[in-house]
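Q: Pick one part of this model and take me through it closely, please. I'd like to hear how it is held in place and what sits around it.

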Amino acid sequence: MFIFIRVIVLITLCISSSISAEYTIKLTHVVSPNTPKGKGAIFLAKRVSELTHGRVEVIVYPNSQLYGDGEEIKALKLGNVHIAMPSLSKFTSMVPEMQLFDLPFLFRDANHVHAVLDGEVGQIIKDKVTAKGFVAIDYWDAGFKHFSSSKKAIIMPHDAQGQKLRIMKSHVLESQCNVMGAIPVILPFALVYSALRQGSVDGAENPLSNFYTKNFYEVQMNLTLSSHGYLGYLVIMSESFWRKFPADLKPMILQAVKEATAYERKLVAQDDEETLAKLEMYAKTSNHFKIYTLSLEQKEVWQKTMEALYPQFYSVIGEDLIKKVQITR
């Protein structure tokens, strides 16, 4: 009886909360709720409710429940959903400058990339996305990519010579492979594990979370903590929805996103530490898997090698934009 009454009370509270909300925001994303991005979305919904005193309710749809990867941007444009966090790579066709984030060894570390994202360069790119009919609000982390291989460990650029490396579709990443002497193989992420296992691909580049959760360590002999490329998301809102949204509530939504950004970035850093510890433990107990860390001297070689390809993209990304990143502190 007690349990029954408790359930009724909870249902009543939920209904009351839903009824009391004057405005509803639909938020869609393609990952699990227990990922940093998924937890960040939940945190955002909670803070919006708190800051608006229940006037605005954010309904989170994770795991592509509403729209799959690649469909979110179109849905936002049509106003069928209100907030999404697509990966930065999804914007390169409409904003070529977004390829900036594919340039290898451009960012020194997480502090550097955040200074860029939260500074002049990040705002320039957000403005370009907004000009395409969206409201670009903030950047969330996915993490830094690292090289892995089932053949020779990729510790120096020439170690990748002749190796087939899986990459996302990107002219910058193809050029990255060419500089290394590697063979770029463009594959959907869902096919990477089987390709590595079958040997049709020798290596890949992934953030630690992907490398671990997709069990790539089972089919790769070596992982180099290269941190050579950044992966991130852009929090964007439907322009048509935002234009009609009450002016007095807009600052509260923006504040909630700002707080959620800090929270999500912190979770990514923590997740990287925990994942690396798990991989290190696996390396100790495994006879086939090793982890390598680049020395400062080795990183300098990588940076000088990869900087040679930057001029190829001056006309696409902008020489000024690239150099602004390099001098950002």
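A: Let's start on helix α12, where Glu319 and Lys323 are four residues apart, which puts about one helical turn between them. Their side chains meet in a salt bridge, 2.7 Å from N to O; the term asks for a side-chain nitrogen of Lys or Arg within 4 Å of a carboxyl oxygen of Asp or Glu. Glu319 is partly exposed at 34% relative accessible area, and Lys323 is partly exposed too, at 39%. Those labels work like this: buried is under 20% relative accessible area, exposed is over 50%, and partly exposed is in between, with a 1.4 Å probe and protein chains only.

Some housekeeping before going on. This is a predicted model, so local features need pLDDT of at least 70 and side-chain atom pairs count only at pLDDT 80 or more, while totals for chains, interfaces and linings use all residues. Residues are numbered from 1 along each chain as its sequence is written, and side-chain values use heavy atoms, with hydrogens and water left out. Helices (H or I, at least four residues) and strands (E, at least two) are DSSP runs, numbered from the N terminus.

Now for what α12 (314-327) leans on. One partner is α5: the two helices pack at an angle of about 145°, with their axes 9 Å apart. Those axes are lines fitted to C-alpha atoms over the stretch in contact, and the angle can run from 0 to 180 degrees between N-to-C directions. On the α5 side you have Glu120, Val121, Ile124 and Ile125, and they meet Leu321, Lys324 and Val325 of α12; contact here means heavy atoms within 4.5 Å. Sorted by type, the residues of this contact come out as five nonpolar, no polar and two charged. The sorting takes Ala, Val, Leu, Ile, Met, Phe, Trp, Tyr, Cys and Pro as nonpolar, Asp, Glu, Lys and Arg as charged, and the others, Gly among them, as polar.

Look at Lys324 and Glu120: their side chains form a salt bridge, 3.1 Å from N to O. Lys324 sits in α12 and Glu120 in α5, so this pair ties together parts that are 204 residues apart in sequence. Lys324 is partly exposed, at 21% relative accessible area. A search of the whole structure turns up 15 salt bridges.

Step back along the chain from α5 and you get to another of them, between the side chains of Asp118 and Arg265 at 2.9 Å, N to O. Asp118 is in the loop between α4 and α5, whereas Arg265 is in helix α10, 147 residues apart. Asp118 is exposed at 51% relative accessible area, but Arg265 is buried at 11%.

That brings us to α4 itself, residues 110-117, where His112, Val113, His114, Val116 and Leu117 are buried. These buried residues pack against α5 (120-130), β4 (134-149), β8 (222-238), α10 (250-285) and, again, α12. At the start of α4, a side-chain oxygen of Asp109 comes within 3.2 Å of the backbone nitrogen of Asn111. That's a polar contact: a pair of N or O atoms within 3.5 Å, where within protein one must be able to donate a hydrogen and the other to accept it, and residues adjacent in sequence count only if both atoms are side-chain atoms.

Thr328, in the segment after α12, brings α4 back in. Leaving aside neighbours within four places in sequence, Thr328 touches Arg108, His112, Ala115 and Val116. At 18% relative accessibility, Thr328 counts as buried.

Finally, the strand under α4's buried residues in that list of partners, β8. Here 16 of the 17 residues are buried, so β8 is largely enclosed by the rest of the structure. β8 pairs antiparallel with β4 over 13 bridges, Val135 having Met237 as its bridge partner in β8; two strands pair if DSSP finds at least two bridges between them. Strand β3 (residues 83-84) also pairs antiparallel with β8, over two bridges, and Ala84 has Ile236 as its bridge partner. With β9 (residues 290-293), β8 runs parallel and is joined by four bridges, including the one from Thr224 to Tyr292.
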